[in-house]
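Me: I have a structure open here and should like to go through it with you. May I start with one residue and then move outwards?

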Amino acid sequence: MTEGRKACATVYLRGLNWIGDAVLSLGALQGFKKIHPGISVTVGAPPATAGVYRLSGAVDAVIDPPRLFPGLRFDAAVVLPRSFRSAWESVFLSERRIGFASEGRSLLLTDSLDYREWKERHLHQSTYYERLFQALDPATRFETPRFTFPDAAIEEARVRLRSLVPEGERVLAVNPGAFYGRAKTWPAHHFVRLLDALLREDPGLHAVLFSGTADRPLALDILRRLPHPRLHSVAGELTLEQSAALLSFCEALVTNDSGMMHLGAAAGRPGVALFGPTDPLATGPVLPKPPERGPGIRVLSVPTACAPCFLRECPIDHRCMERLEPERVRDEILRLLKGKGWE
Ligand code: SF4
């Protein structure tokens, strides 16, 4: 721990509001806990992401930030979001408050990091979280985020899977949605062509459509266009933790750039992530690092002059996604299913 500071036994971590960001933040926390296993970490997270933190073996407790009660104190608070409110909350929780300076909140933080300097370097988002934990201990190194599933969650997922797919048959997880906006979604007609080809080519393969409630209509549209006995849907039916546990049983994942992509990666599944208007160098999935093995999730995209635009809706013809051909995605998935990994 940083010299000249009093010993730290308890840390409060203000969690993030987006699922993908929350999953990425686990990598820095894991790296910190690896060198400080005795430090207790309590995460304050909104309901949308509390499940991410509950699935981390590096987290000791998860609480709902609005329910923080007087008298709760920690030796240090690491504030992951850049909002004023999250820094303000931390004032009541710890004398030592670590966060990036933005939204005029540097006076609320005792360890205020330079956000502009970090932003100008165009680094991956994982380095943002690593920097925050390095303020607690400079030896912290980002680790590949990984979930730890309770036995009951694994058993529940096994039962659910058996209700859809016979024992011994392989499952491809498919996420056709992206909560951020339509611009990030690969067109439904491409998903239909991809699944039609894969299910024809591999008679032992099933595909299961995953998504949150908001994207359920997208999944149902694909089911309607491709009624097939080996195409199933759990879209909008599962909690975040149930989705992650079920993903851990799947052979591979094909997904848009979304929270589900990061859930699949943290569940240890390989796959293909389809990127259009966003930047995989900034928020792409983290690949397994040695000694871990496995191909991880590979990014597929097509060079497009207007990308990355970061828009929620495409103002032109959505060429960044339309031109990403299903045949290319099929070839990559088949290579994975045959155990060949990536070239
Ligand atoms: S403007 Fe370009 S990068 Fe953005 S969504 Fe449309 S096609 Fe994709």
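Me: Is Ser 301 buried or exposed?
Reply: Please note that this is a predicted model. Ser 301 counts as buried, because it has 21 C-beta neighbours inside 10 Å, and the cut-off for a buried residue is 20 or more.

Me: Where is Ser 301 in the chain, and which residues is it in contact with, leaving aside its neighbours within four places in sequence?
Reply: Ser 301 lies in the loop between strand E12 (297–300) and helix H12 (319–322). Beyond its sequence neighbours within four places, Ser 301 is in contact with Phe 275, Gly 276, Pro 280 and Leu 324. In addition, the C-alpha atoms of Ser 301 and Pro 277 are separated by 9.6 Å, the two residues being 24 apart along the chain.

Me: Staying with that loop, which peptide bond is cis?
Reply: The bond from Ala 307 to Pro 308 is cis, with omega near -5°. Pro 308 is located in the loop between E12 and H12. In general, most peptide bonds are trans.

Me: What about Phe 310, what is its phi?
Reply: Phe 310 is not a glycine, yet its phi is positive, near 60°. Phe 310 too has its place in the loop between E12 and H12. Phe 310 counts as partly exposed, because it has 13 C-beta neighbours inside 10 Å.

Me: And His 122, where is that, and what is its phi?
Reply: His 122 is in the loop between helix H4 (115–120) and helix H5 (125–136). Its phi is positive, about 50°, although His 122 is not a glycine. His 122 is exposed, since 9 other C-beta atoms lie within 10 Å.

Me: On to the ligand: how many residues surround it, and which are closest?
Reply: The ligand is surrounded by 14 residues, of which the closest are Cys 306, Ala 307, Cys 309, Cys 314 and Cys 320. The shell comprises 10 nonpolar, three polar and one charged residues. Ala 307, one of the closest residues, is also where the cis bond to Pro 308 begins.

Me: Changing topic, how many residues of helix H10 are buried?
Reply: Eight of the eight residues in H10 (residues 259–266) are buried, so this helix is largely enclosed by the rest of the structure. Among them are Met 260, Met 261, His 262 and Leu 263.

Me: What do those residues pack against, and what follows H10?
Reply: The buried residues of H10 pack against helix H1 (19–35), E7, helix H9 (240–247), strand E10 (252–256), strand E11 (271–274) and E12. After H10 comes Gly 268, with a positive phi near 85°.

Me: Which residues of H7 are buried, and why do they line one face?
Reply: Phe 191, Leu 194, Leu 195 and Leu 198 are the buried residues of H7. Viewed down the helix axis, they fall within an arc of 95°, so they line one face. Their packing partners are strand E7 (170–175), strand E8 (205–209), helix H8 (216–225), strand E9 (231–233) and helix H13 (326–337). H7 itself (residues 188–201) reaches 20 Å between its first and last C-alpha, close to the expected 20 Å.

Me: Finally, the whole chain: how many helices and strands are there, and what is the radius of gyration?
Reply: The chain has 13 helices and 12 strands. Its radius of gyration is 21 Å, which agrees with the value near 20 Å for a compact globule of 343 residues. The C-alpha trace spans about 65 × 45 × 35 Å along its principal axes, and 44% of the residues count as buried.

How values were computed. Residues are numbered from 1 along each chain as its sequence is written. This is a predicted model: local features need pLDDT of at least 70, side-chain atom pairs count only at pLDDT 80 or more; totals for chains, interfaces and linings use all residues. A residue is near a molecule or strand if its C-beta atom, placed from the backbone, lies within 6 Å of it. Ala, Val, Leu, Ile, Met, Phe, Trp, Tyr, Cys and Pro count as nonpolar, Asp, Glu, Lys and Arg as charged, and the others, Gly among them, as polar. Helices (H or I, at least four residues) and strands (E, at least two) are DSSP runs, numbered from the N terminus. The expected span of a helix is 1.5 Å times one less than its number of residues. A residue is buried if 20 or more other C-beta atoms lie within 10 Å of its own, exposed if 12 or fewer, and partly exposed in between; C-beta atoms are placed from the backbone. The arc is that of the directions from the helix axis to the C-beta atoms. Two residues are in contact if their C-beta atoms, placed from the backbone, lie within 7 Å. The radius of gyration is taken over C-alpha atoms; the globule rule is 2.2 Å times the number of residues to the power 0.38.
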